[in-house]
Amino acid sequence: MSSRVHSLNPPKPLSSKIPSSSLLASPSSSCKPVSKSKKYPTISVSAMSSKHRPSLDALNSSERREEVLRAAGDSLSNCLSETHLHLTVPGLKSKTRGKVRDIYDGGDYLVLVTTDRLSAFDRVLASIPFKGQVLNETSLWWFNKTQHITPNAVVSVPDKNVTIAKKCSVFPVEFVVRGYVTGSTDTSLWTVYKKGVRNYCGNILPNGMVKNQRLAANILTPTTKAVDHDVPVTPDEIVQRGLMTQADYDEASSKALSLFEYGQRVAAEHGLILVDTKYEFGKGSDGSVLLLDEVHTPDSSRYWIANSYEERFFKSLEPENIDKEFLRLWFVDNCNPYEDEVLPDAPKELVSELAWRYIFLFETITKSKFEIPAMEEPIHDRISRNVSAALSLLL
């Protein structure tokens with residue numbers, strides 16, 4: 001985000017299928033593999049989801065689903081795809097357009113507007129109704145829940161789509177944490193693994209792993225922020241290139257792994273698997289390392305349904321997911337999303353389905369009902385009014 005200035009498991013155990021040599025070293029500069037005598041951990045999905053299991057019936061067929069799908073269909077032409085607050089809100093100096101967020105310079109603060117744009121493969125694929133609101137509200141819930149792990153840059157949330165944040169120096173590194181071998185993008189762990197890569201971002205990967213397999217331990221696979229594409233990098237390279245000091249990297253990486261472990265625990269309590277995610281950090285004016293951008297949203301994270309994971313894994317079926325992977329896979333099947341200049345339009349039914357899944361995830365995790373926005377006032381007018389009022393109290 002260098003240009004994106006910020007604020008902000010009685011199923012058969014896995015060890016019976018996967019050889020004991022399928023182990024993963026903990027991330028370290030020495031890249032030494034762990035002992036082959038160590039057993040691959042058995043996953044107990046039933047234990048993970050015993051407290052709160054999300055209903056697959058509710059995901060695939062329910063009155064709430066039909067309600068959201070109707071509302072999403074009615075809102076396809078009213079998505080917040082672009083904003084121009086620098087023209088409507090006094091005191092905003094400039095605009096930076098990210099893949100999903102529009103970021104405005106408000107002096108000592110940054111105004112981050114989460115739009116409905118959907119980004120993958122380093123480009124915008126579509127606009128998803130209510131996406132900006134649900135992402136902003138999901139992040140706010142996690143920001144509040146993770147303050148015991150790390151401070152964040154949030155100052156206020158004056159609108160459903162907006163976060164006002166402290167200005168800080170953003171580290172030009174994304175901290176990607178993974179618990180499973182999966183994915184479809186160029187930098188995903190499964191993509192690089194099936195190409196034969198066994199040393200990835202300072203992590204030694206064993207032979208014999210299969211898609212969607214759980215790793216022996218969570219790993220960190222950082223990337224640098226290039227202009228158009230994320231580039232995998234090792235911890236040593238981050239320090240050697242001067243992207244971060246060793247102390248800052250150590251603190252941020254420790255916080256990333258702790259955040260992910262906490263996120264996995266919360267997800268498991270609600271019958272979900274937090275598969276992987278990414279974090280961004282920056283340095284505040286007082287020198288503190290702050291969490292920025294977004295936390296454990298379906299844009300930045302992959303989620304699977306826990307109670308069906310093992311059965312589907314052993315049948316070589318894709319896990320049931322509640323994130324944007326199914327729409328990514330549609331583009332992979334219907335075009336070359338990295339190279340084609342013009343992409344096909346995403347089917348309306350898939351766009352509406354993704355809107356529902358984002359809301360389903362929010363309601364499952366937070367145990368609160370997502371408020372579908374009223375359309376009496378244009379979204380841009382509402383945002384302009386709310387941001388103007390908030391900034392008048394801050395500036």
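This is a tutorial dialogue about reading features of a predicted model.

Reader: Let's start with the big picture. How many helices and strands does the chain have?

Author: Counting helices and strands gives a first outline of a fold. Here the chain has 12 helices and 17 strands. Keep in mind that we're looking at a predicted model.

Reader: And what share of the residues counts as buried?

Author: For burial, the cut-off is a relative accessible area under 20%. Of the chain's 395 residues, 55% count as buried. As for the outside, the accessible surface is about 16,600 Å², and carbon and sulfur atoms account for 50% of that.

Reader: Which residues have the most contacts inside the largest nonpolar core?

Author: A nonpolar core is a set of buried residues such as Leu, Val and Phe, joined through their side-chain atoms. The largest one here has 62 residues, and Phe-175, Tyr-279, Phe-281, Leu-327 and Phe-331 have the most contacts inside it. Helix α11, residues 348-366, gives the most to this core, with 11 residues. There's also a second, separate core of 15 residues, with Leu-85, Val-111, Ile-164 and Leu-391 among them.

Reader: Let me pick one of those. What is Phe-331 in contact with, leaving aside its neighbours within four places in sequence?

Author: Phe-331 is in contact with Phe-121, Leu-125, Pro-337, Leu-343, Pro-344 and Ala-346, once those sequence neighbours are left aside.

Reader: Back to α11. How many of its residues are buried?

Author: Burial along a helix tells you how it sits in the structure. In α11, 17 of the 19 residues are buried, so the helix is largely enclosed by the rest of the structure. You can check its length too: 19 residues at 1.5 Å a residue should span 27 Å, and the end C-alpha atoms of α11 are 27 Å apart, which agrees. Right after α11 comes Lys-367, which has a positive phi, near 55°.

Reader: Let's try another helix. Which residues of α3 are buried?

Author: The trick is to list the buried residues, then look down the helix axis. In α3, the buried ones are Arg-64, Arg-65, Val-68, Leu-69, Ala-71 and Ala-72. Seen down the axis of α3, they fall within an arc of 165°, so they line one face of the helix. The face turned away from that buried side carries the exposed residues Glu-63, Arg-70 and Asp-74. Helix α3 covers residues 63-74, and its 12 residues reach 17 Å from first C-alpha to last, close to the 16 Å expected.

Reader: You mentioned a positive phi. Which residue in the loop between β5 and α5 could I look at next?

Author: Phi is a backbone angle, and its sign is worth checking in loops. Look at Phe-130, in the loop between β5 (123-127) and α5 (131-145). Phe-130 has a positive phi of about 70°, although it is not a glycine. Its relative accessible area is 6%, so Phe-130 is buried. Another case is Asp-293, with a positive phi near 75°. Asp-293 lies in the loop between β16 (289-292) and β17 (301-305), and counts as buried at 5% relative accessibility.

Reader: What about parts of the chain that lie apart in sequence? How many residues apart are Pro-373 and Phe-130?

Author: For this, compare separation along the chain with distance in space. Pro-373 and Phe-130 are 243 residues apart along the chain, with 7.7 Å between their C-alpha atoms. Pro-373 is in the loop between α11 and α12 (379-394). It counts as buried at 11% relative accessibility. Not counting residues up to four places away in sequence, Pro-373 touches Phe-130, Gln-133 and Arg-382. Leu-140 and Val-295 make another pair: they are 155 residues apart in sequence and 8.1 Å apart in space, C-alpha to C-alpha. Leu-140 lies in helix α5 and is partly exposed, with a relative accessible area of 28%.

Reader: One last thing. Which side chain does a polar contact join to that of Asn-161?

Author: For a polar contact, look for paired N or O atoms within 3.5 Å. The side chains of Asn-161 and Arg-382 are joined by a polar contact of 2.9 Å. Asn-161 sits in the loop between β6 (154-159) and β7 (162-166). At 5% relative accessibility, Asn-161 counts as buried. Beyond its neighbours within four places in sequence, its contacts include Leu-80, Thr-114, Asp-116, Gln-133 and Ile-383.

Conventions:
Residues are numbered from 1 along each chain as its sequence is written. This is a predicted model: local features need pLDDT of at least 70, side-chain atom pairs count only at pLDDT 80 or more; totals for chains, interfaces and linings use all residues. Side-chain values use heavy atoms; hydrogens and water are left out. Helices (H or I, at least four residues) and strands (E, at least two) are DSSP runs, numbered from the N terminus. The expected span of a helix is 1.5 Å times one less than its number of residues. Buried means under 20% relative accessible area, exposed over 50%, partly exposed in between (1.4 Å probe, protein chains only). The arc is that of the directions from the helix axis to the C-beta atoms. A polar contact is a pair of N or O atoms within 3.5 Å; within protein, one must be able to donate a hydrogen and the other to accept it, and residues adjacent in sequence count only if both atoms are side-chain atoms. Contact means heavy atoms within 4.5 Å. Accessible areas come from the Shrake-Rupley method with a 1.4 Å probe; for residues, only the protein chains shown count as cover. A nonpolar core is a set of buried Ala, Val, Leu, Ile, Met, Phe, Trp, Tyr and Cys residues joined through side-chain atoms within 4.5 Å.
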